[in-house]
Amino acid sequence: MLAKLSKQFRTFAKNECENSSPLYEYLANKIADDDEILKVAAVIPKGQPVPNLLLAGVQYLLSSTKDDLVNFYPSLTTTPKPTNEVYPVFKAFVLSHSDELQTLFQEKLVQTNEIRRCTYLYPMMTEIYESHQKPLALIEIGASAGLQLGMDQYNYCYNQQLHINHSNSAFVLSSENLGETLPASITNAPVVCKRIGIDLNPIDIHNEEELRWLQALIWPEHQERRLLLHQALPILKELDLELIKGDAIKLIKEISRDINQDAQLVVYHTHVANQIPMELRLELIKQLKEISMERPLYHCYNNLFDIQLHQDFMDQGEIASIRKLERPDGHARWFKWSNHN
């Protein structure tokens, strides 16, 4: 058990933290060699990414404490101490707060709401709207706080030169498109008639404690991600979001039946499917195919059966067309657009 956890932390350090979070990379490699800390992490429920939940739990507790560990986190101090001195302080904090952490592990989920992923979802939505000329009914699986449900309201900048403005806010989502030319449709925001998010534990952006958890999921060095979250909140609070607590695979058919037939249904999810057991991933596809017998829909996703980003059109119980994009950066700093199905 601990050997498996150790490997997870090493993989996390190498594949996710390298060139992204020096603090988490260092901590994860140290934790991989520390049975005491691995035992604390061992109670994390099955299906949750263990390193992410442990580290988010620590940062969450730190946000309301004056412990010395605060002084190593760029998110909590402007002059962080050297990373190579952090581990003894980190270990002492985890061991002295193990009861609180174990409670968090049962109550919280890893549900990072990476708003920048809208940069590659938005072009898809504009194309879908242009093709069908029907208002879009968005259903996001694993919606967290629903930040991506406002994608038609945000400003975008691609490759530091292509600007798309939908609001007077200073809030801009920027990303590098390393692929083919983006569709001309991106200059016109799609009409969105429904914004539904389904999550096992939706986050209420009007609740300060829940917002603290959302912030704790953002890695310490990622100041820009924190800023984007704060800038997006006023826009999002003005929208009519419907966040539903529950299992999307069980609810998706019933929810879709309540959506007007004049709307174009779009079901999407990013970086969620890897937390879903394979048999339930297959069940999701089965449910979507059954819905498509009654109305055509789009399914946009990644990490379901491969790591690529998909835009699948489903009609009459079949996947009628598939567009695949190469795997984008996890935090959407870059992606590779493709105009081919």
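Q: In which helix is S6 found?
A: This is a predicted model. In it, the helix that holds S6 covers residues 2-17. That helix is α1.

Q: Is S6 buried or exposed?
A: A residue counts as buried when its relative accessible area is under 20%. The relative accessible area of S6 is 12%, so S6 is buried.

Q: Which residues does S6 touch, not counting residues up to four places away in sequence?
A: Contact here means heavy atoms within 4.5 Å. With residues up to four places away in sequence not counted, S6 touches A32 and L38.

Q: Where is I31 placed, and is I31 buried or exposed?
A: I31 belongs to helix α2, which spans residues 22-31. The relative accessibility of I31 is 0%. The cut-off for buried is under 20%, so I31 in α2 counts as buried.

Q: Which residues is I31 in contact with, leaving aside its neighbours within four places in sequence?
A: L38 touches S6, and L38 is also in contact with I31. Leaving aside neighbours within four places in sequence, the contacts of I31 are F9, I37, L38, L54, L55, Y87 and F90.

Q: How are α4 and α5 oriented to each other?
A: The axes of α4 and helix α5 (residues 87-96) come within 11 Å and cross at roughly 85°. Angles of 65 to 115 degrees count as roughly perpendicular. Therefore α4 is roughly perpendicular to α5.

Q: How many nonpolar residues are in the contact of α4 with α5?
A: On the α4 side, the contact is made by L55, V58, L61 and L62. On the α5 side, F90, F93 and V94 take part. No polar and no charged residues are in this contact; the nonpolar residues number seven.

Q: How is α4 oriented to α6?
A: Helix α4 (residues 50-62) and helix α6 (residues 98-107) have axes 10 Å apart and pack at an angle of about 120°. That angle lies outside the ranges for roughly parallel, roughly antiparallel and roughly perpendicular, so the term that applies is oblique.

Q: How many charged residues are in the contact of α4 with α6?
A: From α4, the contact is made by L53, L54, G57, V58, Y60 and L61. From α6, E100, L101, L104 and F105 take part. By class, the contact has eight nonpolar residues and one polar residue, and the count of charged residues is one.

Q: Why is C157 too far for a bond with another cysteine?
A: A disulfide needs a pair of cysteine sulfur atoms within 2.5 Å. For the sulfur of C157, the closest cysteine sulfur is in C118, so the distance that rules out a bond is 15 Å.

Q: How many disulfides does a search of the whole structure find?
A: C17 is buried, with a relative accessible area of 0%. C157 is also buried, at 9%. A search of the whole structure for disulfides finds zero.

Q: What is the phi of Q133?
A: Most residues other than glycine have a negative phi. Q133 lies in the loop between α7 (118-132) and β1 (136-141), and is exposed, with a relative accessible area of 54%. Its phi is positive, near 50°.

Q: What is the phi of N159?
A: N159 lies in the loop between β2 (155-158) and β3 (162-164). N159 is partly exposed, with a relative accessible area of 27%. The phi of N159 is a positive value, near 55°.

Technical notes:
Residues numbered from 1 in each chain as written. Predicted model: local features only at pLDDT ≥ 70, side-chain atom pairs only at ≥ 80, totals over all residues. Heavy atoms only, no water. Axes fitted to C-alpha atoms, helices over the stretch in contact; angles between N-to-C directions. Helix = DSSP H or I, 4+ residues; strand = E, 2+ residues; numbered from the N terminus. Parallel < 35°, antiparallel > 145°, perpendicular 65-115°, else oblique. Nonpolar A, V, L, I, M, F, W, Y, C, P; charged D, E, K, R; others polar. Buried < 20%, exposed > 50% of the residue type's maximum accessible area, 1.4 Å probe, protein only.
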